[in-house]
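Open the model in your viewer and keep the sequence panel visible. The stops below go from a single residue out to the whole chain and its partner.

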Amino acid sequence: MPKTLFDKIWESHEVADNLIYIDLHMVHEVTSPQAFDGLRLAGRPVRRPDKTLATADHNVPTDGTPVASRIKDALSRTQVETLERNCAEFGVPVFSLGSDRQGIVHVVGPEQGLTQPGMTIVCGDSHTATHGAFGSLAFGIGTSEVEHVLATQCLVQKKPKSMRINFVGDLPFGVTAKDMILGAIGQMGVDGAVGHAVEFAGPAIEALSMEGRMTICNMTIEGGGRAGMIAPDQTTFDYVQGKPAAPTGEAWDAAVAAWSELYTDEGATFDREIDVDVTTLSPRVTWGTTPDMVVGVDGAVPTVDAAEDEAQRGQFQRALEYMGLEGGERIEDIKIDRVFLGSCTNGRLADLQAAADVIQGRKVADDVYAMVVPGSVQVKIEAEKLGLDKVFTQAGFDWRGAGCSMCLGMNPDVLQPGERCASTSNRNFQGRQGKGGRTHLVSPQMAAAAAIAGHFVDIREWSAADVPSPEPAAV
Amino acid sequence: MDPVNIVEGRVSDLPRDDVDTDQIIPARFMKRVERTGFGEYLFHDAKQAPDWNVEIGNPILTAGANFGSGSSREHAPWALEDAGFRCIIATSLADIFYSNSTKIGLLPVELPEDQVRKIAAAGEAKVDLEAQTVTAGGDVFPFEINPDTKYRLLNGLDDIGLTLRQVEMVAQFEERQDAAGVRKPSSLDLPPEPIATTPVG
């Protein structure tokens, strides 16, 4: 019987009914302390510390704080130090402050070569679906489940339904992976994929770099789906090869042979399928407080009359009030105060390169504060080798240390009430980037251009008219 | 986890869709390393809105579609539970939130919108997990729940204890994976970290 990619991975990891084996468990400081506590109370060890890796990311200041003991915020310091202590006690490897491998958990896994096709991967973080870009089954779990995986290396999980999102057509100039996923979420809604494991497919997906694929899978949860995945291909294999934990020699050949079987068979069926036409997409900008409140940069903020029903009318009204916007306002007329370039969605080298290409030789608008936060120390090191730090700082960007930073307001990088931010992160929820902060989700290119102009601009026209043709991305 | 069966009492109502986990508990309040004490931060920022009128302290909360969307933070159900809620009745619940709630004995119930509205209007309700019904205002609304989840909630069972009973099967799976030459990467294969030292000064 023909099988989906999801079926193949699921079936090869079923230990018993509703119990699946986990190949890689990634851990961070916010959702793990209570799980380690639980183990300690019950006198249980970590079953497979060799399949577990911890990083400090959510609480990490991006000001170059060298070690956990120097974190100024007492609660953040306690959380990171608790992680270090727990990992030492239970034998789990940890990349914390001061390590040249520290970074956002979903950036570190792939760059260390730990994330590989066909694996099951979990983490106490909803953006774990990022790893699905490699053709793995990866999803976010809660702290009780973190404790369960630490103790048993398995997860109790009823098999989700399957869904395929087909991106139809070729991606137009100036439209990126971020715009594809925001377009898909805009089309299906923030609960469009609830209860489903999602496979992303189509020629526009196949044409994407691994970084682009990670951006897409990363935001699966913003459409309600717990897991998102893409079938591995030569692009995937080329990315994994040579990474620190990647197989070598004969083991590499055997791995590639096995990975090459990981695709959805002809004739396999999904519980749900939708098509997203990418040929009609323009660069996306969110206007509201959920990721499906999104329009093209060439469009306008909707009026409450555009709502489908009374409930949505109320939602639109609250969103417009919170965002300080009027229905009918043109997106390009929206002025911004801050720019955040980074996060597990868009904090990789290729994202920084794409933004650097846009700003080369230009200056950040006078009343804008723009920051770049590499997703990991390794991304920072690689970017500096390429001189990207100079491109950013000469343009007036603040070049920061690695971490989750202003994606979620758990560390010193936060918006002030009322501040408006063009952000490459994943959530525009109320208060997500700081209490009262106003978030517009965009691609790295769009964020970079907005930093220069001081308001949103259509990167398609901007590129053609004002910027020397960018070098093709090297990664 | 304590066993869950009957939840009975007054109903608080939050008739909105897409109430995300950042609204339930903003990230800046997630820095505690304990499981308790999150109740005081429940809806911390959301409740400052002028039109906010959700009573805290009742056992039952009714809500719209996609309640608990966003982050995987178990801090969201912890905060609801710490503030006294024992059951969330919503048009739909986000996947991870639903799962997290069942791990701590916060009973998740999904019902059609018109029924959720009737329960909210009644102001009081009785949720019976064994019978899988919600009784409110003279009506009885049956709800669905996974039988394994129900069994675990009714008996207050620890998932880990249950899985450890199957530990032989886990070990056999690991042996099969090894025998098949499926070599998954090991984090311990990475070069070890240099010993971190606090710089002087």
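A helix here is a DSSP run of H or I at least four residues long, and helices are numbered from the N terminus. The model is predicted.

**Stop 1: A:Ser343**

Select helix 12 of chain A, residues 343-346, which contains A:Ser343. Read the backbone torsion there: phi of A:Ser343 is near 90°, a positive value in a residue that is not glycine. Most residues other than glycine have a negative phi. Is A:Ser343 buried or exposed? A residue counts as buried if 20 or more other C-beta atoms lie within 10 Å of its own. A:Ser343 has 28 within that distance, so it is buried.

**Stop 2: A:Gln153 and the small sheet**

Next select A:Gln153, in the loop between helix 5 and strand 8 of chain A. A:Gln153 also has a positive phi, about 60°, although it is not a glycine. It counts as buried because 23 C-beta neighbours fall inside 10 Å.

Move along to strand 8, residues 154-156 of chain A. Strand 8 belongs to an open sheet of three strands in chain A, in the order 1-2-8, with antiparallel pairing. Which strands are at the edges? Strand 1 (14-16) and strand 8 of chain A are, each pairing on one side only. On average, neighbouring strands of this sheet are turned by 35° against each other, direction ignored.

Zoom in on strand 2, residues 19-21 of chain A, which three bridges join to strand 8 of chain A. Here A:Tyr21 stands opposite A:Cys154 of strand 8 of chain A. Now show chain B. Helix 7 of chain B, residues 167-179, packs on the sheet and touches strand 1, strand 2 and strand 8 of chain A. The direction of helix 7 of chain B makes about 150° with that of strand 1 of chain A.

**Stop 3: the contact between chains**

Keep both chains on screen and colour the residues in contact. There are 72 residues of chain A in contact with 54 residues of chain B. Which element of chain A gives the most to this side? Helix 5 of chain A, residues 143-152, does, with seven residues. By class, the side of chain A that touches chain B holds 29 nonpolar, 31 polar and twelve charged residues.

**Stop 4: two domains in chain A**

Hide chain B and colour chain A by domain. The domain assignment gives domain 1 as residues 5-259 and domain 2 as residues 285-466. The centres of domain 1 and domain 2 of chain A, taken over C-alpha atoms, are separated by 24 Å. Their contact takes 37 residues from domain 1 of chain A and 38 residues from domain 2 of chain A.

On the domain 1 side, select helix 4 (105-111), helix 6 (177-188) and helix 8 (210-218) of chain A, the elements that give two or more residues to the side touching domain 2 of chain A. Helix 6 of chain A supplies the largest share of that side, five residues. The residues of that side of domain 1 of chain A comprise eleven nonpolar, 17 polar and nine charged.

**Stop 5: helix 14 of chain A**

Select residues 377-385 of chain A, which make up helix 14. Which residues of helix 14 of chain A are buried? They are A:Val377, A:Gln378, A:Val379, A:Lys380 and A:Ala383. To see what covers these buried residues, add helix 4, helix 13 (349-359) and helix 15 (388-395) of chain A, which are among the covering elements. After helix 14 of chain A comes A:Gly387, with a positive phi near 80°.

**Stop 6: A:Arg318**

Go to helix 11 of chain A, residues 310-323, and pick A:Arg318. With 16 other C-beta atoms within 10 Å, A:Arg318 is partly exposed. Draw a distance from its C-alpha atom to that of A:Gly288: the two residues are 30 apart along the chain, and the separation is 9.0 Å.

**Last view: the whole of chain A**

Zoom out to chain A, whose secondary structure comes to 17 helices and 19 strands. Its radius of gyration is 21 Å, close to the 23 Å that the globule rule gives for 475 residues, so chain A is as compact as a globular protein of that length. The C-alpha trace of chain A spans about 55 × 55 × 50 Å along its principal axes. Of the 475 residues of chain A, 62% count as buried. Among contacts in chain A between residues at least 6 apart in sequence, 77% join residues at least 24 apart.

Terms used
Residues are numbered from 1 along each chain as its sequence is written. Chains are lettered from A and ligands numbered from 1 in the order in which they are written. This is a predicted model: local features need pLDDT of at least 70, side-chain atom pairs count only at pLDDT 80 or more; totals for chains, interfaces and linings use all residues. Two residues are in contact if their C-beta atoms, placed from the backbone, lie within 7 Å. Ala, Val, Leu, Ile, Met, Phe, Trp, Tyr, Cys and Pro count as nonpolar, Asp, Glu, Lys and Arg as charged, and the others, Gly among them, as polar. Domain bounds come from an automatic or database domain assignment. A residue is buried if 20 or more other C-beta atoms lie within 10 Å of its own, exposed if 12 or fewer, and partly exposed in between; C-beta atoms are placed from the backbone. Two strands pair if DSSP finds at least two bridges between them. Axes are lines fitted to C-alpha atoms, for helices over the stretch in contact, and angles run from 0 to 180 degrees between N-to-C directions. The radius of gyration is taken over C-alpha atoms; the globule rule is 2.2 Å times the number of residues to the power 0.38.
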